[in-house]
Amino acid sequence: MNKKCSGCGVKLQTERKDLIGYTTSEDKSYCMRCFRLIHYRDYQNAYVNVSGQDIIDKLATKKGIVFFFVDFLNLHQETFKYYHQIKNPKILIISKLDIIPESIYLKRIMVWLKNYYHVEEPILFVSKHSNNSYKKIIKYIESASEESVYFVGMTNAGKSTFIESILTKENLPSYVTVSMMPNTTLDFIKIPIRDKALYDTPGLPYDYFKVESKDLKRNKTENLLIKNKC
């Protein structure tokens with residue numbers, strides 16, 4: 001079977017339930033893992049290790065502009081180690097703008113990033129709920145001479161969530177699986193948008209970051225209890 005899962009991009013297969021990509025029928029569009037994530041929020045066995053270097057190496061064979069996503073709380077050497085390996089034309093996207101205190105001047109952060117991490121490319125601050133963020137991203141996509149656009153970045157930086165937001169605003173059907181789990185996306189997923197091909201990609205992993213599904217379930221339950229108590 002050469003068909004890929006519409007949610008995570010992995011190649012579908014009907015033979016092994018214990019392997020990624022398993023689906024009950026060749027007619028299905030989603031693997032069982034994505035199906036259970038979407039419909040039941042079932043995080044059991046959802047974590048799949050994806051090599052960051054493999055993602056970077058695959059990207060090096062592609063032509064197109066790269067939107068590199070990292071959230072505001074994860075600006076450090078490991079992040080920019082990946083960023084500087086990417087030789088495609090690129091734009092640095094600082095996501096989760098809503099968590100940045102208003103007292104912090106974004107221009108100062110931009111100057112710091114350019115000086116400390118040697119970022120020479122454009123820098124955008126975005127939030128998935130901001131219509132202005134959507135307009136800025138779409139403007140860059142439309143003005144790009146490249147036909148392919150790659151959303152790349154650190155795991156849980158909000159790439160897939162932002163793509164969902166764009167698709168909603170463009171009145172296009174949803175393609176990707178979005179969850180709290182790292183590495184929900186397992187391969188490059190092509191999404192037609194306007195006259196471009198937008199690609200969602202697996203999140204680049206942090207060396208120190210490993211989440212077990214049982215821990216995520218416990219933390220989710222604890223957060224709900226705290227929220228209900230307040």
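Good morning. Among contacts in this protein between residues at least 6 apart in sequence, 67% join residues at least 24 apart. Please keep in mind throughout that the structure before you is a predicted model.

Let me set out the overall composition. The protein contains seven helices and six strands. Read from the N terminus, the order of these elements is α-α-β-α-β-α-β-α-β-α-β-β-α. Of the 230 residues, 47% are buried. The exposed area of the protein comes to about 12,800 Å², and 51% of that is supplied by carbon and sulfur atoms.

I turn next to the sheet. In general, strands of a sheet pair through backbone hydrogen bonds, in either a parallel or an antiparallel arrangement. Here, six strands make up an open sheet with mixed pairing, and their order is 3-2-1-4-6-5. Strand 3, residues 123-125, and strand 5, residues 189-193, are the edge strands, each pairing on one side only. From one strand to the next, the twist averages 25 degrees.

Within that sheet, consider strand 4, which spans residues 148-153. Strand 4 pairs with strand 6, residues 196-200, in the parallel sense, and four bridges connect the two. One residue pair to look at is Val-149 with Leu-198, its bridge partner in strand 6.

Strand 4 also contains Ser-148. Is Ser-148 buried or exposed? Its relative accessible area is 14%, and because buried means under 20%, Ser-148 counts as buried. Beyond its neighbours within four places in sequence, Ser-148 is in contact with Lys-63, Gly-64, Ile-65, Ala-197 and Tyr-199.

Now to the helices, beginning with helix 2, residues 52-59. Its buried residues are Gly-52, Ile-55, Ile-56 and Leu-59. Why do these residues lie on the same side of helix 2? They do so because the arc they cover around the axis is only 95 degrees. And what covers them? The cover includes strand 1, residues 65-71, together with helix 3, residues 77-85, and strand 4.

Two further helices lie across strands of the sheet. Helix 4, residues 106-116, lies across strand 2, residues 90-95, and strand 3, and runs at about 145 degrees to strand 3. Helix 5, residues 131-143, lies across strand 1, strand 2, strand 3, strand 4, strand 5 and strand 6. With respect to strand 3, helix 5 runs at about 150 degrees.

To close, I return to strand 4: it pairs with strand 6, and it is also part of what covers the buried residues of helix 2. Thank you.

Technical notes: Residues are numbered from 1 along each chain as its sequence is written. This is a predicted model: local features need pLDDT of at least 70, side-chain atom pairs count only at pLDDT 80 or more; totals for chains, interfaces and linings use all residues. Side-chain values use heavy atoms; hydrogens and water are left out. Buried means under 20% relative accessible area, exposed over 50%, partly exposed in between (1.4 Å probe, protein chains only). Contact means heavy atoms within 4.5 Å. Accessible areas come from the Shrake-Rupley method with a 1.4 Å probe; for residues, only the protein chains shown count as cover. The arc is that of the directions from the helix axis to the C-beta atoms. Two strands pair if DSSP finds at least two bridges between them. Axes are lines fitted to C-alpha atoms, for helices over the stretch in contact, and angles run from 0 to 180 degrees between N-to-C directions.
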